[in-house]
Amino acid sequence: MRYEAPSSVEDAVATLAGAPGAHVLAGGTDLLVRLRSEMIEPDLIVDIKRIKGMREIAPEAGGWRIGAAVSGAEIGEHEGLRADWPGVVEAAGLIGSTQVQGRATLAGNLCNASPAADSVPAMVAAGAVARIVGPEGTRDLAVIDVPKGPGKTALARGEFIASILLPAKAPRSGDAYLRFIPRTEMDIAVVGCGVSLSLDEEGRVTAARVALGAVGPKVILVDAAAEAIMGRALDEAALSDLAAACSKAATPIDDKRGTVAFRRHVAGVLARRAAVIAGARAKGEQA
Amino acid sequence: MSRIHVTTKINGDATEFLCEAEATLLDVLRDELGLTGTKEGCGTGDCGACSVTVDGRLVCSCLMLGAEAEGCEITTIEGMAAGDQLHPLQKKFIEMAALQCGICTPGILVAAKSLLERNPDPSEEEVRYWLAGNLCRCTGYDKIIRAVLDTAADMRRAS
């Protein structure tokens, strides 16, 4: 195996183009495990951390562009991100231990394409967009469209994610992410739910995105859940309709971490609770 | 296969080493540099026995390639004591018997030091969450948590 650490996107793309089967390394918290267990035996590892911008969080068009190698710890310490997208920050912060947070990245969580990835429903709810570079140039793809199924992404050979854009936060809007795990820390989501919503001055929902994780082969954006609360205050009736829409949209499997019936139920419960938190944040309350 | 030449600073000393592309930072520390205080538990980032800091950030050295350390500043358990003078956490772990077999101890000390540098007055909950990635199969954690909290209190009084 060879190791290369190019200093520009162009060099990285050229290096990857010349080595089919090469793997991209950012935080390495998934890649190194697969490498060590010989699940993969690549001829080449391309470390993208030396490329300018990969480790930066930069303001862009009122939102934030997060480089592909920015760690969870760096995201959690960033005041601007915490103020604008607390749900995404909390979701990223749930991944692994303090040690894993020191290296793990949003782009890596997305490219690992686990159905249970914590940051992905939060990013989908936020309307995040991945910037992908590759031999055909640069393209932007909504985060919802990046995973295709367990371990599968829409990235073509030689492509990698260079950054993720969290868009400008609209006025009176807030987001939240909650997951269910049977313990308090260091576990894989049985169900995850990200909610991002905006309110008018009377507290009625004017925009909403609700995304579920770990209840299907990939993240699910539940349009019916957003429609269920549109134009309504987040009262008991609206929240019940939201929960019902999420339970209905979930397509989970039975496995050792949860049954279909349990996951469907929890999808609704988490959506309701996340919407309450997002709603409070939209009103400027601490939540 | 040519080995990769890496220049780093480890525990304050400029250090150069050669490594294979596959070698983890943990492999390099233990097998190339003889810094065997850093332990391998799981090799998959779950147990924290291989904890070190890289540019001030707590990481599992089993989840990082040695080649990635180029230009980085690394601190291991060997850098914790100042000569013969143990770090307050090390003294307290001995005093309060916050270890049994000792395999997890270097990683826990490195992780706890990293916590106290960021937060000199952590709550018990904060200590428990910070150390959630450091597994101990002997102690039941209680003595470890109390030793970290006690050290934090001592260090606050001393400063």
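Colleague: How many helices and strands are there in chain A?
Modeller: Chain A has 11 helices and 14 strands; these are DSSP runs numbered from the N terminus, H or I of at least four residues for a helix and E of at least two for a strand. This is a predicted model, where local features need pLDDT of at least 70 and side-chain atom pairs count only at pLDDT 80 or more, while totals for chains, interfaces and linings use all residues. Residues are numbered from 1 along each chain as its sequence is written, with chains lettered from A and ligands numbered from 1 in the order in which they are written.

Colleague: What makes chain A as compact as a globular protein of that length?
Modeller: Its radius of gyration, taken over C-alpha atoms, is 19 Å, close to the 19 Å that the globule rule (2.2 Å times the number of residues to the power 0.38) gives for 287 residues, so chain A is as compact as a globular protein of that length. Along the principal axes, the C-alpha atoms fill a box of roughly 60 × 45 × 35 Å.

Colleague: Why is α8(A) called largely enclosed?
Modeller: A residue is buried if 20 or more other C-beta atoms, placed from the backbone, lie within 10 Å of its own, exposed if 12 or fewer, and partly exposed in between. In α8(A), 8 of the 8 residues are buried, so the rest of the structure largely encloses this helix. Among them are A:Val120, A:Pro121 and A:Val124. Of the 287 residues of chain A, 54% count as buried. Just after α8(A), A:Gly127 takes a positive phi of about 75°.

Colleague: How do you know that α5(A) and α8(A) are roughly antiparallel?
Modeller: The axes of α5 (residues 86–93) and α8 (residues 119–126) of chain A cross at roughly 165° and come within 8 Å. Axes are lines fitted to C-alpha atoms, for helices over the stretch in contact, with angles from 0 to 180 degrees between N-to-C directions. Angles under 35 degrees count as roughly parallel, over 145 as roughly antiparallel, 65 to 115 as roughly perpendicular and the rest as oblique, so this pair is roughly antiparallel.

Colleague: Which residues of α5(A) meet α8(A)?
Modeller: A:Gly87, A:Val88, A:Ala91 and A:Ala92 do, and their partners in α8(A) include A:Ala122 and A:Met123; contact puts C-beta atoms, placed from the backbone, within 7 Å. The residues of this contact divide into 7 nonpolar, 2 polar and no charged (Ala, Val, Leu, Ile, Met, Phe, Trp, Tyr, Cys and Pro are nonpolar, Asp, Glu, Lys and Arg charged, the others, Gly among them, polar).

Colleague: What about chain B: how is α2(B) set against α3(B), roughly parallel or oblique?
Modeller: Helices α2 (residues 88–95) and α3 (residues 105–118) of chain B pack at an angle of about 130°, with axes 10 Å apart. That angle makes α2(B) oblique to α3(B). B:Leu89, B:Gln90 and B:Phe93 in α2(B) meet residues of α3(B) including B:Leu109 and B:Ala112.

Colleague: Why does B:Leu99 count as buried?
Modeller: B:Leu99 has 20 C-beta neighbours inside 10 Å, so this residue counts as buried. B:Leu99 sits in the loop between α2 and α3 of chain B. Leaving aside neighbours within four places in sequence, B:Leu99 is in contact with B:Phe93, B:Thr105 and B:Thr139.

Colleague: How many residues does the contact take from chain A and from chain B?
Modeller: It takes 20 residues from chain A and 23 residues from chain B. On the side of chain A that touches chain B, β1 (2–4), α2 (31–36), β3 (44–47) and α6 (98–101) each supply at least two residues. The residues of that side divide into 8 nonpolar, 7 polar and 5 charged.

How values were computed:
Two residues are in contact if their C-beta atoms, placed from the backbone, lie within 7 Å.
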